[in-house]
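Colleague: I would like to learn how to read a few features of a protein model, taking them one at a time. Could you give me the general idea of each and then turn to the case at hand?

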Amino acid sequence: MSKIIYTHTDEAPMLATYSFLPIIEAFASTAGVEVETRDISLAGRIISVFGDYLTPEQQIGDALAELGELAKAPEANIIKLPNVSASIPQLKAAIAELQGQGYNLPDYPDNPSSDEETAIRSRYDKIKGSAVNPVLREGNSDRRAPLSVKNYARQNPHSMGTWSADSKTNVVTMSSGDFRANEKSVVIGSDGTIAIQLIREDGSVKVLKKAFPVLAGEVIDGTVMGAAALDEFLAAQVA
């Protein structure tokens, strides 16, 4: 069976996975294509590199290395979401958060004073910065057009052509019921926890994300797409 790998990262909003991934899975399933996820978030990369410091239950495989090998194969299908570049402050914050959750990770040594600390820093330094893109793009991170393409474009300029009023092209957007119209933001008044839940019409509750800590002053933003509004909008546009 063909397969698509969808990457779990730390910069793309949760909305991207909750809204986009099910669409990919639905379309792919009708074509007999399997969809799997891989964790290449900063936290995931830290855990995979320091598995020898962790319990067997906490250890995870090196998904980035796995995808790096897959990217070299012609049959590779990888959907990569945005990921943080992992500056040292971000790296230290991720380490501290994982330590607070029971992961026995070493601190990042700013000034190594022993061979052990030098080795630890070397492992962390392989994680920070844009560690993901060079691996998955395999040298294709330069997006500039080659000189040969530029020269061809100069010698063969493309005209947009004459616009016709008979064109059926129509650019529209939903006026209500979509993500933009339903978006709500709130400033957290005090430290605490929040959870993301789906409350169905029959009153039953499905937990989409378990309770996680928030700090006073943080901004929480959420939105939802109305299925009925979307159906009505699409029906009106293709009528």
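Modeller: What follows takes up salt bridges, a surface patch, a pocket and two pairs of residues, and you should keep in mind throughout that this is a predicted model.

Colleague: Let me begin with charged side chains; how many salt bridges does a search of the whole structure find?

Modeller: The general idea is to look for a side-chain nitrogen of Lys or Arg within 4 Å of a carboxyl oxygen of Asp or Glu. In this structure, a search of the whole model finds eight salt bridges.

Colleague: Which residues are linked in a network of salt bridges?

Modeller: The network is made of Lys3, Glu36, Arg38 and Glu66. Within it, arginine 38 forms a salt bridge with glutamate 36, where the closest N and O atoms are 2.9 Å apart, and the side chain of arginine 38 also meets that of glutamate 66 in a salt bridge, at 3.0 Å from N to O. This second pair links distant parts of the chain, since glutamate 66 lies in helix α3 (residues 63-70) and arginine 38 in strand β2 (residues 34-39), 28 residues apart.

Colleague: Are arginine 38 and glutamate 66 buried or exposed, and how do I read that?

Modeller: One reads it from the relative accessible area, where under 20% means buried and over 50% means exposed, with partly exposed in between. Arginine 38 has a relative accessible area of 17% and is therefore buried, whereas glutamate 66, at 38% relative accessibility, counts as partly exposed.

Colleague: Where in the chain do aspartate 52 and arginine 123 lie?

Modeller: The side chains of aspartate 52 and arginine 123 meet in a salt bridge, at 2.7 Å from N to O. Aspartate 52 is in the loop between α2 (42-49) and α3, while arginine 123 is in helix α5 (residues 115-125), so that the pair links distant parts of the chain, 71 residues apart. Aspartate 52 counts as exposed at 57% relative accessibility, and arginine 123 is partly exposed, with a relative accessible area of 25%.

Colleague: Turning to the surface, which residues make a nonpolar patch?

Modeller: Residues in such a patch must have over 30% relative accessible area. Here Phe20, Ile23 and Phe27 make a nonpolar surface patch of about 330 Å². Phenylalanine 20 is found in helix α1 (residues 14-30), and this residue is partly exposed, with a relative accessible area of 39%.

Colleague: And how should I read a pocket; what lines the second largest pocket?

Modeller: Rolling a probe the size of a water molecule over the atoms shows where empty space is left. The second largest pocket has a volume of about 150 Å³, and its lining is formed by Ala71, Ala76, Ile78, Lys80, Leu136 and Arg137. By character, four of these lining residues are nonpolar, none is polar and two are charged.

Colleague: Finally, what can I learn by setting separation in sequence beside separation in space?

Modeller: Isoleucine 79, in strand β3 (residues 78-79), is 74 residues from isoleucine 5 in sequence and 6.1 Å from isoleucine 5 in space, C-alpha to C-alpha. Isoleucine 194, in strand β5 (residues 192-199), is 75 residues from alanine 119 in sequence and 39 Å from alanine 119 in space, C-alpha to C-alpha.

How values were computed
Residues are numbered from 1 along each chain as its sequence is written. This is a predicted model: local features need pLDDT of at least 70, side-chain atom pairs count only at pLDDT 80 or more; totals for chains, interfaces and linings use all residues. Side-chain values use heavy atoms; hydrogens and water are left out. On a 1 Å grid over the protein atoms alone, a cavity is a set of points where a 1.4 Å probe fits but cannot get out, and a pocket is an open set with protein on both sides within 12 Å along at least five of seven lines; lining residues have an atom within 4 Å of a point. Grid points are joined across faces, edges and corners, and a volume is the space filled by probe spheres set on the points. Ala, Val, Leu, Ile, Met, Phe, Trp, Tyr, Cys and Pro count as nonpolar, Asp, Glu, Lys and Arg as charged, and the others, Gly among them, as polar. Patches are made of residues with over 30% relative accessible area and no salt bridge: like charges are joined within 9 Å, nonpolar side chains (Val, Leu, Ile, Met, Phe, Trp, Tyr) within 5 Å. Accessible areas come from the Shrake-Rupley method with a 1.4 Å probe; for residues, only the protein chains shown count as cover. Helices (H or I, at least four residues) and strands (E, at least two) are DSSP runs, numbered from the N terminus. Buried means under 20% relative accessible area, exposed over 50%, partly exposed in between (1.4 Å probe, protein chains only).
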